[in-house]
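Colleague: Could you show me the model and then take me through the terms used to describe it?

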Amino acid sequence: MNATVTDIVGGPVVAPASRIENFIRSTRFDHPTLVIDTQVVETQFRALKAGLGEAHIHYAVKANPAREIIETLIANGSRFDAASRGEIELCLSLGAAPDDISFGNTIKRPSDIAFAFHAGITLFAVDAEEEMHKIAAQAPGAEVYVRLIVDASEADWPLTRKFGCARDKALDLLALATELGLKPVGFSFHVGSQTRKARMWTTVLDQVAEIWHSAIAAGYALTTLNIGGGFPAFYGEEIDSPTAYAAAVMDLVRARFGKVERIMAEPGRGLVAEAGMIAAEVLLVSRKSESDMHRWVYLDIGRFSGLAETEGEAIRYQFITDRDHEEMGACILAGPSCDSADVLYEKRPVQLPLGLTSGDRFIIRNCGAYTSTYSSIGFNGFPPLDVVVI
Ligand SMILES: *Cc1c(COP(=O)(O)O)cnc(C)c1O
């Protein structure tokens, strides 16, 4: 069966209906529901792995912690990047080996560091002196890598300066780690989420390589380079295949770092976004005045019930309706809650069928990453996003 898919510029393109789409079409949902296909997770994992070569994949659990996803990844030999005790417990409870989990959040509760250490986790991220002292106290002798701030991100969802230390502090942190009896093993960074082109990594890798080589020149026997996430998903703008993209990134890495004992990559979005679609519904279509240029289309899902990445209209999802063969027109797309920030796309209106009406099924494509985890627990009485795994 073929279904028409609404292209971002408005023209319908024909794509084969996926298992997820068929499932949604044959099911009735009372609430917005994220439907995940673990076969797609497996396919994406293998495709990324094929390109990443010697690098180890540590799935960034926060992108989607559905247990079936974690289980699928464990079965395929994935490792994990966890940000909290909860994520560590989840991975361990499903059978991940402690050695395969890194504690990648640079802002950790001391009791969580102690928990992780006693559970057998020995690799921690750090970007500040206080954190180094916490790790030394709670996880004596552990391996640490220093997270660096990188600039000039060209990502669609950049990560700003919240995480990482500037380059002029990086070596001091390595020295502090040694002084405190920890093992400073290397560096990490994040190029920015949804970095659409591999060539956008170039300047960031240049920055990291400069510090890497100065640390080696200063006598540190670095073993670990963590290249973070950033691997893109398809949201309508062309991207390379996961294998080609990952291979191109690794070529850039090898050219700058040579042989590194342990390279870690932490895809989140690139592994799971295309494995999920949300089944939603149109609640209302209206115009604010007789002369209003745009219709307003209100869905039963919005910024607080899973679509947080529409903030700043940064991530532009694509949609499927049952009327995509009908005439299209621009509209403003909004969520159902009583918060005026709950508008998904207004600056760049969305093309949707003119016949769209209350009660119509509304499918949001490629939204398996950063949706269920961003869904609020009952804001305005709306239930959190349901998740179904097929
Ligand atoms: C969120 C996160 C990732 C995953 O990023 P994506 O852009 O989704 O691939 C990787 N590493 C760290 C440390 C993160 O916080």
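Modeller: What follows is a short exchange on the terms and the values behind them.

Modeller: This is a predicted model, in which local features need pLDDT of at least 70 and side-chain atom pairs count only at pLDDT 80 or more, while totals for chains, interfaces and linings use all residues. Residues are numbered from 1 along each chain as its sequence is written, and side-chain values use heavy atoms, with hydrogens and water left out.

Colleague: What makes the protein as compact as a globular protein of that length?

Modeller: The secondary structure comes to 10 helices and 18 strands. The radius of gyration, taken over C-alpha atoms, is 22 Å, close to the 21 Å that the globule rule (2.2 Å times the number of residues to the power 0.38) gives for 390 residues, so the protein is as compact as a globular protein of that length.

Colleague: Why is the pair formed by K62 and the ligand called a polar contact?

Modeller: A polar contact is a pair of N or O atoms within 3.5 Å, and an N or O atom in the side chain of K62 is 2.8 Å from an oxygen atom of the ligand, so the pair qualifies. For E266, a polar side-chain atom lies 2.7 Å from a nitrogen atom of the ligand, and for R269 a backbone N or O atom lies 2.8 Å from a ligand oxygen atom.

Colleague: What is the make-up of the shell around the ligand?

Modeller: The shell residues divide into three nonpolar, five polar and five charged.

Terms used
A polar contact is a pair of N or O atoms within 3.5 Å; within protein, one must be able to donate a hydrogen and the other to accept it, and residues adjacent in sequence count only if both atoms are side-chain atoms. Ala, Val, Leu, Ile, Met, Phe, Trp, Tyr, Cys and Pro count as nonpolar, Asp, Glu, Lys and Arg as charged, and the others, Gly among them, as polar. Helices (H or I, at least four residues) and strands (E, at least two) are DSSP runs, numbered from the N terminus.
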